[in-house]
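Hi,

Here is the structure I promised to pass on to you. Have a look at it first, and then read on for what turned up when I went through it.

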Amino acid sequence: MTHRGDSAMRALKRTTSIGMLVATVAAAGLVPLAAGQASAAPPAKAAGYAGSCPTAGTVTQGWHSGHDGVDIANNRGTPIHSTGPGTVIVSGTASGYGQWIRIKHDDGTVTEYGHMYERLVSVNQRVSSGQLIARMGSEGQSTGPHLHFEAHASTASTRGMDPVAYLAQRGVSLPCTPGSGTPGTNFTTWGTSVRVRADARLNAAVVRTLTGPTPVYVQCQKRGDSVTAEGHTNDAWSYIPALGGYVSNIYIDHPAAWLPGVGTC
Ligand SMILES: [Zn+2]
């Protein structure tokens, strides 16, 4: 997850301890949930569309009799994509899932996405394969950020089919990497008492303080006030949607001042 580069520079950045030393990092547990299940598994249909990777991450629980889908864990805020072209038939809240999305694809199959902290599509909306539809969360019955992904033979199906086989039929094998054009990427902050601000300015309101290294999804970056630490100066700031604000790139664990692969806000 962490992008390594110039280790000397990285070590240099690491030697800096800004602010008061505070305690622990709450490392997000990646224990998945057991989702609700029903009986009667319909037969899997043949491949009907060219699939796209639903999200990047680690498969923490597969499909089995007590689990209707597959769990893919990653940082909160990780982009979630439609696995194929179709129409959104559900986008809202649901007990257990917290929030969920269902997409009816052109081959009649339905994919289901649960636990997101942010939904980006609405009912009746047409989506393309690979389109960004949500961001990963831990809403509902969940102990850590992950995507619960299900695949159904039709809207009448009461139990999901094996999503790994379903995706494999459509050219996607898990774990997978979303296609090019995906905005943002994942990094880890370093340092203690790192302030997340409402804007890329030192006089902007502090919306949150990070007590230690924190995995973050950076949506975009922009130029703002210069921040100097241990002889290094950087005026780039990262926008972290899950934290609702900006962190100086000085505190992003990456040797580059301007993060590669991250667009401009
Ligand atoms: Zn699950």
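To start with a small puzzle: which residue in β9 does E118 stand opposite? The residue facing E118 is R135. Before I go further, please keep in mind that this is a predicted model.

That pair belongs to β7 and β9 (residues 132-135), two antiparallel strands joined by two bridges. They are part of an open sheet of three strands, ordered β3-β9-β7 with antiparallel pairing. Its edges are β3 (79-81) and β7 (118-119), each of which pairs on one side only.

Now the overall picture. The protein chain has two helices and 17 strands. Of its 265 residues, 40% are buried. If you take the contacts between residues at least 6 apart in sequence, 67% of them link residues at least 24 apart.

Next, the nonpolar cores. The largest has 19 residues, and V196, V218, I240, Y246, V247 and Y251 are the ones with the most contacts inside it. Two or more residues come from each of β12 (194-197), β14 (215-218), β16 (232-240) and β17 (245-248). The largest share, four residues, is supplied by β16. A second core, separate from that one, has 18 residues, with I80, V110, I133 and M136 among them.

V247 is a good place to zoom in on the largest core. Setting aside neighbours within four places in sequence, V247 is in contact with T189, V194, V196, W237, S238, I240 and I252.

The hairpin of β4 and β5 is worth a look too. Eight bridges hold β4 (residues 86-94) and β5 (residues 98-105) together, and the two strands run antiparallel. One of the pairs is T93 with its bridge partner Q99 in β5. Three residues lie between the strands of this hairpin, and G96 has a positive phi near 85° there. If you colour side chains by direction, one general point may help: in a regular strand they alternate between the two faces of the sheet.

β4 has another partner as well: it pairs with β8 in the antiparallel sense, over two bridges. Here G86 stands opposite V127 in β8.

That brings us to V127, which sits in strand β8 (residues 126-127). Is V127 buried or exposed? V127 counts as buried because it has 21 C-beta neighbours inside 10 Å, and the cut-off for buried is 20 or more. Beyond four places in sequence, the contacts of V127 are S82, P85, G86, V88, I103, V121 and I133. G84 is 43 residues away from V127 along the chain, yet their C-alpha atoms are separated by 7.9 Å.

Finally, over to a helix. P163 is found in α2, which covers residues 163-168. How many other C-beta atoms lie within 10 Å of P163? There are 25, so P163 is buried. Leaving out residues up to four places away in sequence, P163 touches W63, G69, V70, F149, E150 and A151. From P163 to L174 there are 11 residues in sequence and 9.6 Å in space, C-alpha to C-alpha.

That is everything from my side for now. Happy browsing!

Best wishes

Note on methods:
Residues are numbered from 1 along each chain as its sequence is written. This is a predicted model: local features need pLDDT of at least 70, side-chain atom pairs count only at pLDDT 80 or more; totals for chains, interfaces and linings use all residues. A residue is buried if 20 or more other C-beta atoms lie within 10 Å of its own, exposed if 12 or fewer, and partly exposed in between; C-beta atoms are placed from the backbone. Two residues are in contact if their C-beta atoms, placed from the backbone, lie within 7 Å. A nonpolar core is a set of buried Ala, Val, Leu, Ile, Met, Phe, Trp, Tyr and Cys residues joined through C-beta atoms within 7 Å. Two strands pair if DSSP finds at least two bridges between them.
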